[in-house]
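This report introduces one protein structure to a reader who has not met it before. Please keep the sequence and the structure in view while reading.

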Amino acid sequence: MEDYAEEFRTPPVTLISLVGCPELHPTISTYLHSEQPPINTLALPDFSKISVLGKTLKETADSGQHSGILKRDWLLKHRTKVAAVVATLFSSDQVAGDPAQWLQVCTDLENLKLVVRGRNIKLIVVVVQSTDKDEVTEDRMIALRKRAEVDSKYFLIFIQNDALQLTQSLDRLGSALAELANIYYRDEGRRIKTRIEKKNFNFIELNIRYCFKVAVYAEFRRDWVEALRFYEDAYRALREMVGTSTRLPAIQRLVEIKTVVELLHFKISTLLLHGGKVKEAVMWFQQHIASYKTLVGAPEVVFLHWDWMSQQYLVFAELLETSAATIPSNASLILGTSEKPLTEWEFQPAYYYELAAHYMREKRCCLEIALSASETSKRIESSSESVIQSVFVGQFARLLEQGEAFAMQTLTDAEYVQYALAEGKRFQDSYEIIALLKKSFESYSNLNARRMASYCGNQMAREYFTLGEFGNAKSLFDGGVSLYRQEGWITLLWEVLGYLRECSRRLGSVKDFIEFSLEMAALPILSGAESSSCKGEYGPAGPPTLLRREMIHKEVFGLVKGEPISTSNEGSNIFAITEDEPLHLEIDLVSPLRVVLLASVAFHDQAVKPGAPVPLTLSLLSQLPHPVEIDQLEIQFNQSECNFTIASAPEETVVASSVGEKTGIRLETAPNLSLVTNKWLRLTFDIISEQSGKLECLSVIAKLGRHLTICCRAESPASMDDLPLWKFEDLVQTFPTRDPALAFSGQKVVQVEEPDPQVDLVLGATGPALVGERFLVPVTVTSKGHPIYSGELKINLVDARGGGLVSPRETEPFSMDSHHVELVGISEPDGENESEAGMDNIKKIQQSFGLLPIPFIKLGDSWCCKLEIKWNRPKPIMLYVSLGYLPNSEAGAQKFNVHKSIQIEGKTAVVMDHRFMLPYRRHPLLLSKIKLAPDSDHSPSLALNETSFLIVSAKNCSDVPLRLMSMSIEKDDDEIGRSCTVHQGGDIPLDDAFLVPGEEFRQVFSIIPELNFPRLALGAVSLRWSREFGLEEQSRSSLTATGVLTRHKLPDVNVEMVPIIVSLECPPQAILGSPFTCYVRIKNQTELLQEVKYSLADSQSFVLSGFHNDTIFVLPKSEHIVGYKLVPLVSGLQQLPRFTVTSLRYSAELQPSLSACTIFVFPGKPQFMMDDVGSKLPEPIAT
């Protein structure tokens, strides 16, 4: 697409001209360039330059000329020289000046009108003023507009020194210029359309030219629909011209037609893609190719046709790639014809790049044929020096020098053919083909179309191979060969491997040459004869036949035996395998060379005792066409002392001498080490291992000849994969072992069991662990048959439910530690190392894992330690303890291991709760509780300077008895500590508190807030407890004597001033029929007079006297007492009449609780009251 001139590649842009006032040209040009669509400017500083706007004599003489279809510079001229509108700028000083200035303005305007009238260019007159105060007389303005013969809306005032008015002036000027330019291009298009409609032409070339011009004028106006229609009309008219025009010689006539039709097709495709019509663009391209694909032309210039075809595909690919239109999905591909529906790939640029490369190869072949047939090659090179492009698109002429002038001479077809051959010879088509294929390869790779990408990569590699760039060719062939191996494309794989083999030979790479040759020789090609029709289609390796496999096999093993091979066709360089540079090949589990040598290893048993022999079967398989003689096999294990070497009987002496140099290497012999095609070679030997653990066969190293070794990774028969390329061939399937059961279950790994340890490891943990305490786990090591010279304990804590022991994001109610369970220390039985001292002896890797060294233990002795484990939250764990020790101090001694585990349940010991209570029969009026807002936090409220009771309960939730040591409230801040007074209640000492499982303990605290804090933090309740041990467990209590601390966070409370307190005073019991007195005290704690309304409800259980309803006034800082007498009528637990107090100021009601209004009535006077002296409740004086 870059070969096209810019005026053809980009949409036309409106051109206007500015004349006069050159100081304003940059400002106006910048503004017009920023408009959408932009407008180009042709700036003329003064009126002496206006002649460039008029028609030249040559243009007048060439009008109507039909010697060509499209003029080459017509579109460029209208984009850069022919302006649609001329804006003439006059300063206000010129217009309003003296008569001489006015006369000059009129003269310049008349000259400009004379120039633009010949091209029908539109005119705008602009009067430039410095400010809006620079007034020009109205008569002069009217006279100037009439002389210019323009409409009033195209006669503008331009103010330049005021920023706001400058912007407005630019807007008005830009709108007027855009409007007049649109009118100009519309009028020009109509003028030419009239000629087309009247068919006012005698040559079809003019019809095509006129349609092209109308389409261009429509593009100037952004009328894409009309532009597309006239481009299509020009395209169809040009197709009708094929075979009818005789204006030029036949070859040049077809070249011109194809060049013009290529330009028209480019315009049509661009407009379709610009409009988002991808399907229509693809269908148009298919029609375009179908129409011109058969117009090959003369035989001597066939290469021009294929070059033109390649250009079509290349340009359309670039258009698709750069288009912003959305490519339709597969489900929407409903267009196309029934004979040739559209496919998915026809919407991808990669498809067209690949076909462009294909036709470029066709062009190269035809060009080579044409050059070889030409006998005037020297004259060809000199004939193209003076040939240039003609005035018309697609035409060429010879430039002749006539004195000081130049003239164009028409070429004959013979001269043009020589010119075309010279131009074709000058370009290197191979690199152009590679560039096209690279674009297709990248596009297919982005689409994840591996097969098409591999095809394009192989085509690129062939081009590099043809050019002799074997390094680039090899890298590309390497990229595509893996796909053919994976999908089993045998023929394609043969071809690519042949190229890789030849590239390796040319590059002198012996290893790559042998690897590719061995892979080719082992491909599943079992029959076929070379046909003469197949020559040249399969690359340098020839056709894929059994005979070719055998030839490659012989060539490779000849090289192994020392026969040199030439690295080039001339035979100047050779390579060979020598003693100085031996060759080593690696075959792993995914290597393509598994077909060359496949090693299967199977132990007959899954486990074996140390020192006991275990049979091992080694099976080898090869798919090479001829038998392969192996000189030596070396079997390697992960335990090097088990390695051994196998030699055939004839080679035993030679191998023994070489192996003898390596001390400790075991040598075995086999009667035959020859591999036959598709037949397993089975060898069985006994393996003895003295070291416990996993014994694995790692690899089998085969030595072929003196300088070639192949290391093959050992595979287990049970998990061995089939050979991908051979598994579908019609071959007899055999097992790698003689025993079919071993073939399905055999493994290349055997477990060498550990020797029986002679040491006991005992974990003595009993009972559940409690959250917060340091739980002791006794670990006892007893030597029964082995002394312990060097040993260590591995301690590992694992969640019994399979989760983790760490939850750093979880808020724990018991501890802020991030580890739920952690190993915190170790204690010795003699007490020398405890807690922190024990931490020095433990190598902590994590909180859940540790290493502990073990001291020397004599035979029959024991050693004990205690692990300290702390639970931060309830969680069951598995404790794994592993003991590894050496029974003697000798180097390389066998290490013994003992493993024990125990599950320990972690439980919560104490669950704490709390609640607040008011003093008995004393009720403060808490406004926050009575008028509770819907969005409040429901925090408890306490009365200022009044006693409140906090009851804290602790319940034993474990299965073991607990002893409570202390309970106290700890405040978080000294300031808060001084804001209230806390007293502990109860007469029983806390040291005597003993909780059995399920029992609950309660402690009472009195709290008196002394400062009015809106939010008072009470701190937390600290409970210290310990596990209650039995007589047999007293020895364990040393670390837990200090107890375990459990904290219970108390909520923040609201402290508020209480305006009214209501107290109920009455005896705790009464006697049936005996009257008693009750008093209600209403205390006003405010500085205001309180109006209080009270009411007393009737009760069937009592006869009462006194006011039932009344309203009273309580003075500030005083109290009012209401008394009434009651006579009980019913014995038992009875409810006193309900007394209700209502504060009218606060609209709050206060009613004592049911428990405060409860009294017990005895049927008669009890004994304890008879013994009483008869103390009576003093009757207060009512105020």
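Is Glu-1119 buried or exposed, or does Glu-1119 count as partly exposed? With a relative accessible area of 32%, Glu-1119 is partly exposed, because the partly exposed class lies between under 20% for buried and over 50% for exposed. The model discussed here is predicted.

## Salt bridges

The structure holds 40 salt bridges. In one of them, the side chain of Glu-1119 meets that of Arg-1081, with an N to O distance of 2.8 Å. Arg-1081 belongs to strand β48 (residues 1076-1084) and Glu-1119 to strand β52 (residues 1118-1128), so this salt bridge ties together parts of the chain 38 residues apart in sequence. Elsewhere, Glu-110, Lys-113, Arg-147 and Glu-149 are joined into one network by salt bridges that share partners.

A further salt bridge brings together the side chains of Lys-875 and Asp-799, at 3.3 Å from N to O. This pair links distant parts of the chain, 76 residues apart: Lys-875 sits in the loop between β31 (862-871) and β32 (877-886), and Asp-799 in strand β27 (residues 790-799). Lys-875 counts as buried at 7% relative accessibility, and Asp-799 is buried as well, with a relative accessible area of 6%. Arg-221 and Asp-223 also form a salt bridge, their closest N and O atoms lying 3.7 Å apart. Asp-223 counts as partly exposed, at 24% relative accessibility.

## A five-stranded sheet

Strands β48 and β52 take part in an open sheet of five strands, ordered β36-β46-β48-β52-β50 and paired in antiparallel fashion. Its edge strands, β36 (922-924) and β50 (1102-1105), each pair on one side only. On average, neighbouring strands of the sheet are turned by 20 degrees against each other, direction ignored.

Within this sheet, strand β46 (residues 1060-1065) pairs with β48 through six bridges in the antiparallel sense. Leu-1064 has Val-1080, in β48, as its bridge partner.

## Nonpolar cores and a covered helix

In soluble globular proteins, nonpolar side chains tend to be buried together. In this model the largest nonpolar core comprises 187 residues, and the members with the most contacts inside it are Ile-124, Ile-514, Leu-620, Leu-633, Phe-637 and Ile-646. A second, separate core has 34 residues, among them Leu-761, Ala-765, Val-779 and Leu-879.

Ile-514 is also one of the buried residues of helix α21, which include Phe-513, Phe-516 and Leu-518. The helix is mostly covered, with 10 of its 12 residues buried. Spanning residues 510-521, α21 reaches 16 Å from its first C-alpha to its last, close to the 16 Å expected at 1.5 Å a residue.

## The surroundings of Phe-637 and Gln-639

Leaving aside neighbours within four places in sequence, Phe-637 is in contact with ten residues named here in part, including Phe-603, Leu-616, Ile-687, Leu-695 and Cys-697.

Gln-639 is found in the loop between β16 (632-637) and β17 (644-648), and is buried, with a relative accessible area of 5%. Beyond its neighbours within four places in sequence, Gln-639 contacts Ser-689, Gln-691, Ser-692, Lys-694 and Leu-695. The C-alpha atoms of Gln-639 and Cys-697 are separated by 8.8 Å, although these residues are 58 residues apart along the chain.

How values were computed
Residues numbered from 1 in each chain as written. Predicted model: local features only at pLDDT ≥ 70, side-chain atom pairs only at ≥ 80, totals over all residues. Heavy atoms only, no water. Salt bridge = Lys/Arg side-chain N within 4 Å of Asp/Glu carboxyl O. Buried < 20%, exposed > 50% of the residue type's maximum accessible area, 1.4 Å probe, protein only. Helix = DSSP H or I, 4+ residues; strand = E, 2+ residues; numbered from the N terminus. Pairing = 2+ DSSP bridges. Axes fitted to C-alpha atoms, helices over the stretch in contact; angles between N-to-C directions. Contact = heavy atoms within 4.5 Å. Core = buried A, V, L, I, M, F, W, Y, C linked by side-chain atoms within 4.5 Å. Expected span 1.5 Å × (residues − 1).
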